[in-house]
Amino acid sequence: MIFLKRQLPIIIAFVAGIMMWIRYYIPSEVSTNLVDGYLEWVRIIVGFAAILGILSLLQHHMLKIRMKRPGFAFSYVTIAAFIMMTAAGFLPFAFPGFAEKNMETGSLFNWLYEYTFIPMQATMFSVLAFFIASAAFRAFRARSMEATLLLVAAIIMMVGRVPIGDLISNATPAFMIGQNEYHLIDFEEWTGWLLNVPNAAAKRGILLGVYLSQIAISIRIIFGIERTYMGGGD
Amino acid sequence: MGMGKRILACMAAVLVLLPVHAMAVPAPADVELGDVANDDGSALAVSWNWNGTPAESDLFSFEVRINEQLLDHFALTERQQKTLTDARSWLVGQIADVLTQRDAAKAEMDAAQSALDQAILDKEPDGTINQKRHEYWQKYRVHKRLDHQVNRLHNAFSARTYAGEDLRLKALTWEFLNEALRSGKEWISVADPAPMASVGTRGDRSDLFGVNSASRADAGMLFYTFDTISVPNPGTADSSDEATGLEQFRAIPVRLVPDIEYQVRMSTFGTVPANPMFPEAEAGGPQLADVVQIGTAAPIGNAFDKSKLNNLIFALLFGGIILTFIILARRNPNMFIRRIAGLEAVDEAIGRATEMGKPVMYLCGLQSLSELSTLAAINILGRVAGKIADYESDLIVPNRDPVVQTVAQEVVKEGYATAGRPDAYREDNIFFLTDDQFSFTAATCGIMMRDKPAAIFLMGYYYAESLLLAETGADTGAIQIAGTDAEHQLPFFIVTCDYTLIGEELYAASAYLSREPMLLGSLKGQDIAKAFMMAIILLQAILFIFSAQWDVLRDLVTPL
């Protein structure tokens, strides 16, 4: 049992990891097929895992209803919506008032998807605008040197990205440096500099660290040094 | 190694010249055939310069002359031929009635629209206009339904003939459908067996590859078009190479048979200018302007992708450094690792949850388990779960991916068992919500608002929902620790969370929390590699300032 739970997964991780690493350098059809085969396996496993997911979802909400936990009424809605969408998707005939059956365009399922799911999804996404405003209000309070810098950078970016920024820039005196014309206040130039110099530098620094870390964690997993994800602890 | 035969272009070998268009399309110069380092022996590469500036609408296609070996390679098997014939018979049988009905519905719809337009023009009473509008919409819906049925049959036909990466079967399917569309009778032509008459008969080779130049001036020369490019706008600001009309070395992603010599040519197409005398003429369509014989070459397979040599060297070097430090760490377990505030606060966050008698919420991000950021989040979850079990708090883990959920359950269970509290583990607290991004967000925010967790961990990769989750968490008053390598979401987490693990700190967290020497050793090795990269960047920057260039440095970090 210990072999199946501990050693075998580590052996599989090692063999698969080394194999996939080597194949990256070999441009043959066998190498391509190996990746395709791996991706097919992933799809199969995900397909089975979806059943586990559905069972988990139903189990969780049933328990919530049984235990009458806070907000258990929403669990009724979830289960009802689940049953309704599943039934509509498998409906072998066109529901009265709809032209098509199953999940075709013009079917009940499609109608529910388009007129309930998509608007709700869009609503959630739209809320983001208000959350950004609320987060910005909190972040832009000039309480420290860093917050003040953030505030100034944000103002430049915001003004530089709207037409009024251009109007302000054009209204200020212009001067020439070499063959280039500059304005005393030039939001377009400033936003470009902010994005391309300090922002890009910080972003690349973060990404460099991330990529190196990813290589390191891959090595740890391939060689079985990091095993927490197997549920095996140390 | 693996170099295909390279022959300079025979610029003089211009086979066809259409005088009107040849003026508009610049000829490619210095055309060379080359090897594609990262192919499996089935690709050729062509590089060239434009002899002039191409217009935005110019097209250039690359073709190989069809030879016996290529025919053999792409020949349909009997089974494929049967698939195609059966699919066609099926389509013809299914679609005829639908097409008739759709045409009738279209006529009725058009008539209803005319009646409606007329009623509006005649300023008839609103009631009459509304009635006619209602009639039109009814006809429109019937027509749309039938139209949809035709499309469905079209898709079903494509699905029946789908043969994976079989280019020839794909080409035949497409050609068949295109032929049907081009006939001017729309789908009616599907009932006409003529386009499929030669399917599977190698005698009629002009139909074998679907796309070839048989219909053009050189009908006797059968060429297989394996790549077509359109010239981007030479005036685009973001591409200096395109602006100067220089096309970079270009790999051609096509399956040719390795080790066989191919005759390669390049056709240039220009756009026919609108003729004021004949406005109805085919203005705007691509017309063959020039054909350049490039030469002959044989694609040869490569056992090793030379363009990744620097990658291999660096991987071995970096791997070696990390493994060395892991070995060193076993001898000297007290390695110094800088303090990470976010991870120091883990105990504080869990302790706060215990004091308040409220749960801890942990999210593993929105990606699947095959992503390293999710694995890192799962690793941290294992460490955090052990601490939560120690503190006797509740842990809630909503998941977006059922695979992640299953693994998370195992990891948390093990964490509780290791802490000596297996009885405190509750499987139903680690559950799957939905795989839809915003549904997951809505559900998680709902749990935050109802259960009011005292501590929220947002680890892994996040997209636009990052702020929705973190801001809702902040509203509940929870202490929030985020960790992500999604650089676009970092500002949102920094603004709304108490502590944020930035990029690499997410991957270091597991090692940091466990304090296991071997894991800490890998962090040290990682730092050494980072210092090495920084030195290269610094050196290159200094060389750049002094207008010097050292190719070795550039080759070290870019594909060869």
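This briefing walks through how chains A and B meet in this structure, with a look at salt bridges, cysteines and the make-up of chain A. Keep in mind that the model is predicted. Chain B and chain A bury about 6,100 Å² between them, and 3 salt bridges run between the two chains. One residue worth getting to know is Glu471(B), which is buried at 2% relative accessibility and forms a salt bridge with Arg138(A).

**Where the two chains meet**

- Let's start with the buried area: of the roughly 6,100 Å² that chain B and chain A bury between them, 66% is on carbon and sulfur atoms.
- On the chain B side, Phe438(B), Arg450(B) and Tyr507(B) lose the most area to chain A, and together they account for 9% of what that side buries.
- As for head counts, 78 residues of chain B and 66 residues of chain A take part in the contact.
- Polar contacts turn up here too, with 17 residue pairs counted between chain B and chain A, both partners having pLDDT 80 or more.
- If you're looking for the element of chain B that gives the most to the side touching chain A, go to helix α7 (residues 309-331), which supplies 10 residues.
- Sorted by class, that side of chain B has 39 nonpolar, 20 polar and 19 charged residues.

**Glu471(B) and its partner Arg138(A)**

- You'll find Glu471(B) in helix α12 of chain B, which covers residues 465-475.
- Is Glu471(B) buried or exposed? Glu471(B) counts as buried because its relative accessible area is 2%, and the cut-off for buried is under 20%.
- The salt bridge between Arg138(A) and Glu471(B) has its closest N and O atoms 2.7 Å apart.
- That pair crosses between chains, going from helix α4 (residues 108-139) of chain A, home of Arg138(A), to helix α12 of chain B, home of Glu471(B).
- The two side chains also make a polar contact, at 2.7 Å.
- Unlike buried Glu471(B), Arg138(A) is partly exposed, at 24% relative accessibility.
- Setting aside neighbours within four places in sequence, Glu471(B) is in contact with Phe131(A), Ser134(A), Ala135(A) and Arg138(A) from chain A, plus Thr496(B) from chain B.

**Another bridge across the chains**

- Arg69(A) and Asp428(B) form a salt bridge too, and here the closest N and O atoms are 3.4 Å apart.
- Why does this pair join two chains? Arg69(A) sits in the chain A loop between α2 (29-67) and α3 (72-90), while Asp428(B) sits in the chain B loop between α10 (402-418) and β11 (430-432), so the bridge links one chain to the other.
- Asp428(B) is partly exposed, with 23% relative accessibility.

**Salt bridges elsewhere**

- How many salt bridges does a search of the whole structure find? The total over all chains is 14.
- One of them stays inside chain B: Lys106(B) pairs with Asp110(B), with the closest N and O atoms 3.4 Å apart.
- Lys106(B) and Asp110(B) are 4 residues apart in helix α3 (residues 78-121) of chain B, so about one helical turn separates them.
- Both ends of that bridge are partly exposed, with Lys106(B) at 36% relative accessible area and Asp110(B) at 30%.
- There's also a network of salt bridges, linking Arg220(A), Glu226(A) and Arg383(B).

**Cysteines**

- Don't go hunting for disulfides, as a search over all chains finds 0 of them.
- Two cysteines of chain B are buried: Cys445(B) at 11% relative accessibility, and Cys497(B) at 8%.

**A quick look at chain A**

- Chain A has 7 helices and 2 strands.
- Following the sequence along, the elements of chain A come in the pattern α-α-α-α-α-α-β-β-α.
- Out of its 234 residues, 27% are buried.
- Looking at contacts in chain A between residues at least 6 apart in sequence, 27% of these join residues at least 24 apart.

Note on methods. Residues numbered from 1 in each chain as written. Chains lettered and ligands numbered in written order. Predicted model: local features only at pLDDT ≥ 70, side-chain atom pairs only at ≥ 80, totals over all residues. Heavy atoms only, no water. Buried < 20%, exposed > 50% of the residue type's maximum accessible area, 1.4 Å probe, protein only. Polar contact = N/O pair within 3.5 Å; in protein donor to acceptor, adjacent residues only side chain to side chain. Contact = heavy atoms within 4.5 Å. Salt bridge = Lys/Arg side-chain N within 4 Å of Asp/Glu carboxyl O. Buried area = accessible area lost by both parts, 1.4 Å probe. Nonpolar A, V, L, I, M, F, W, Y, C, P; charged D, E, K, R; others polar. Disulfide = S-S within 2.5 Å.
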